[in-house]
Amino acid sequence: MKKIYIGIFILGLILCFSKQANAQTDTNPEVISSEEDSVTSLPNDNDTWVNVAYKKINKRDISNSVSVINTSEFIDKNYNTYAFEGIEALVGGANLWNIGDRLVLVDGVPRSIYELTTNEIEQITYLKGINAIALYGSRAANGVILITTKRGKAGERSSNVYVNTGINTPKSYPEYLGSAEFMTYYNQARLNDGLTELYAEETIENYSGVSNSYQYPNVDYYSQDYLRKFYNSYSANADFTGGNDKARFYALAGFSKSNSLLNFGEGENEGISRLNIRGSIDLNLNDYIKSYVTMSNVFYDSRVANGDYWEQATVIHPHRFAPLIPVDLVEGGEKMQSLLGSYRKFNGNYLLGGNRQYLTNPIADAYAAGYNTYTSRQFQYTNGLDIDLRPLLEGLSFHGQVSIDYSNNYRQSIDNEYAVYIPVWDTTEDGTSFIDTLEVENRDRRPGTQNLGGTYNNQLVDFNLHLDYVKSFQGIHNISAMLLAAGFRQRVTGEYQSRTFSNLGIQFNYNYDHRYYFDFSGAVVNSTKLSEVNRVAFSPTFSLGWLLSEEGFLSGSSAFDHLKLTASAGVVNTDLDIDNYFLANESYASTAWYSWGDGTYTSRATTAARGENLALTYAKRKEANIGIDGAILSNKINFKTSLFLIKKDGIPVQSYTQYPVYFRTYWPETSFVPYTNFEENLYKGLDFQLNYNAKLGDLELVVGVAGTYVTTEALVRDELYEDDYRNRAGKPVDAVWGLENDGFFIDQNDIDNHAEQRFGEVKPGDIKYIDQNGDGIIDERDEVMIGRGAWGSPFTGGIHFTAKYKNLTMFVLGTGQFGGSRVFDNEYYWVYGDRKYSAVVRDSWTEETKNTATYPRLTTLSGDNNFRSSDFWLKSTDQINLSKIQLTYTVPDRVFSGKVFEGLNIYLSATDLIKIAKNKEILELNIGQTPQTRFYNLGVKAMF
């Protein structure tokens, strides 16, 4: 009933203002309201507007840490479908200071970056500082990327059409040893373990490639027998806009498609297609009421062969079997020939090979196992209403927006069974090999049934309502204020608890003559993750600004065109660090386990996961930052920088060291320790961006640099180490931990005179570790910080360069990162046991190579001593990348005089061309997945 009354009230309000609109045509020129946002400063033809939290403001009036990029400034010279490609070179602080998972808002609604293409985006705003994010409440504590999509514009109808075609060429593939080389090194591994050789010299010779490759296979899953040299990508999109002062529209349709690198079987049908449609309508219903509607649909489909080709290619040894067996080599008797006619053949004359260990394999899967498709359908709807309430109070306005998003994802598969054939070889009198018989495993069965699975639904309802007051007094006292209510509810498959968010917001902004600025923004947050006692909290923030260039001592300066100082501080309460719901409550469960080997549960117990702490509350982001924004030399140089200091405290953890040891047991695993607001982190650093532009006759130049440097420190951790060097507190939040190596053991005497390493048997050629605490034992207590950058490099940035001469434009984009490191510990680098041998083993330790070896001795055992986190496997991720080069030719206007076209651009681009890095080969290598690629594109933009 309450909703009905509210609806009647709003309807009456609309009718009231509709009538007054017909009687009054006088509007307040000082109040500007866009279709979606209120505006907080006076209009000016030279102004640039920036979308911030629930409104847009003049760029000159920003008084907090905000960076912005308009896609229209780059898309014609740097075309891409992903708007965030190389963004670190264009915007300082693009990683939002690397605090944690960012909040992405598309037109004010939490949505995915990957649901958009660059053509749909008008502006991207990076809300970094605490005052800039405050109105978004708890969910925004790690920073906000606010994406504003394109809308219709009044004027003549216009359209743009982009058509692109390109190729993706792999940068590199994993390199594995061939059959004969593998056998040689595997023999060495056995000798290292004190075992006899497994492969005889004659066997190795047979597999060297000289003999029959079907009888003695040497399979390279990355050869051109199975992979293309490149795969193709195509895209096309068109947008349309037009309207007048009463109604405006915008529409976009785009399609993209790509295939894959596999060149056989179902691999030839692999691919991804994506169709996206977006439309918006903006209506001025009268002088007081405006409304807008935006809808977007994305239709995404992919198809891949069953099995995982790239993962299996890293596992199966090259000598295990021949994946294809030519029928021509099968000679057998009459019965064999009769059976052969009934067998299913591929590529005209081949059977699928295998053995009893590998009844499936990636090549056979691609030929005969069927395929699976992934389907995603996304629908997004946004409706907004803006009402100018100046008949009630000059400068007052109401703004409301409701969004409904729905996505549905599922997989369909055709799952086939197939037979594999194990050849039994024989030789003729002259030594020619032939297949005498074929042993068959499994059967060919193609039921044709479509199997449905992996269904995932995501439903989101989002709203925000706010009253804005914007007023200028005497032309110098400019005031704006906002009262806000916002929230959303999200339901996803597999989660019983809805994801909810709600907050109230308040903002007051004052500036004196656009020179001195003060802003107070706060949010009352509410989280259902917490107990009712602590669900509500207030987050206050403020900012100050001073436009120095408008002061008398600088206003006449020929050097400074613009110079502004800003500072902001505050506290934001956040539940982002609370991993689950009801963590404040105690939790119990019934568990059971096997006590004996009879296959029945014989031991049962009720265990506790945590104790109760109803006082558990929000983590807090406490921040202070300062910024400088300026332009000099007749705006030829523009610069912007921010310095920040952030403390995040009260991070919830189960702090075991703060409770008696009997509060926790390990068998059965039980804990009565509650979650408490215990841990603390510190983040500090700076970001910057600098742009220079000049014109020399017909030559126009633009050079820009941007970067972000963040250093972190874990202030408080739940730890109780005997040795101080093991403490995580005082170290970077993204520290990498492990043992410190001291080369290889040279001989047994070296082992005997070193501290005892308790990670299994140690032999010459194994990694030697440093005894950090001097207790004569190497174990986990000797682990130290060996690097940082587990979550990203401390410094990221880049440079962009544009040179335009008449109708030809060249754009170059370079990116880089420094200070980061990573432990490379996948199966390609950690080779032991019966794993497939990669090229790294060629540098392994032997008695002959002990002075030059860079890899530990090979072993057929577990290798526990060598294959653990240590600085031996730590590699720097420092790199400089030539990320993009694009040449664009704009066909002269005179060519289209009186023609259909109003303009035409032709462009050629290359992406991810060059990487300069000490560990380039490692950084460009993907293991167990599709390889990294370089992309070469040819495109055309036509304007109508």
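A salt bridge, in this talk, is a side-chain nitrogen of Lys or Arg within 4 Å of a carboxyl oxygen of Asp or Glu. By that criterion the side chains of R356 and E439 form one, at 2.4 Å from N to O.

Before I continue, please note that this is a predicted model, in which local features need pLDDT of at least 70 and side-chain atom pairs count only at pLDDT 80 or more, while totals for chains, interfaces and linings use all residues. Residues are numbered from 1 along each chain as its sequence is written, and side-chain values use heavy atoms, with hydrogens and water left out.

Let me return to the salt bridges, of which the structure holds 33. Helices and strands here are DSSP runs, numbered from the N terminus: helices are H or I with at least four residues, strands are E with at least two. R356 sits in the loop between β15 (350-352) and α7 (362-368), and E439 in strand β19 (residues 433-441), so their bridge ties together parts that are 83 residues apart in sequence. For exposure, buried means under 20% relative accessible area, exposed over 50%, and partly exposed in between, with a 1.4 Å probe and protein chains only. R356 is exposed, at 53%, whereas E439 is partly exposed, at 31%.

A second pair is D388 and R390, whose side chains meet at 2.6 Å, N to O. Both D388 and R390 are buried. A third pair, E924 and R934, meets at 3.5 Å, N to O. E924 lies in the loop between α10 (920-923) and β46, and R934 in strand β46, 10 residues apart. E924 is buried, with a relative accessible area of 5%, and R934 is buried at 15%. In addition, E175, E181 and R842 are joined into one network by salt bridges that share partners.

I turn next to strand β8. How many of the 6 residues of β8 are buried? The count is 6 of the 6 in residues 144-149, so the strand is largely enclosed by the rest of the structure. In a regular strand the side chains alternate between the two faces of the sheet. In β8, V144, L146 and T148 point one way, and I145, I147 and T149 the other. Two strands pair if DSSP finds at least two bridges between them. Strand β5 (residues 103-106) runs parallel to β8, joined by 4 bridges, and L105 has L146 as its bridge partner. Strand β7 (residues 121-127) pairs with β8 in the antiparallel sense over 6 bridges, with Y126 opposite I145.

Helix α3 covers residues 179-192. The expected span of a helix is 1.5 Å times one less than its number of residues. For the 14 residues of α3 that gives 20 Å, and the end C-alpha atoms are 20 Å apart, which agrees. Of these residues 10 are buried, so α3 is largely enclosed by the rest of the structure. Among the buried ones are F182, M183, Y185 and Y186. The buried residues of α3 pack against α4 (201-210), where contact means heavy atoms within 4.5 Å. Just after the helix, G194 takes a positive phi of about 80°.

Finally, consider I404 in strand β17 (residues 396-415). I404 is partly exposed, at 41% relative accessible area. Leaving aside residues up to four places away in sequence, I404 touches F379, Q380, Y381 and L460. I404 and V109 are 295 residues apart in sequence, and their C-alpha atoms are 9.3 Å apart in space.
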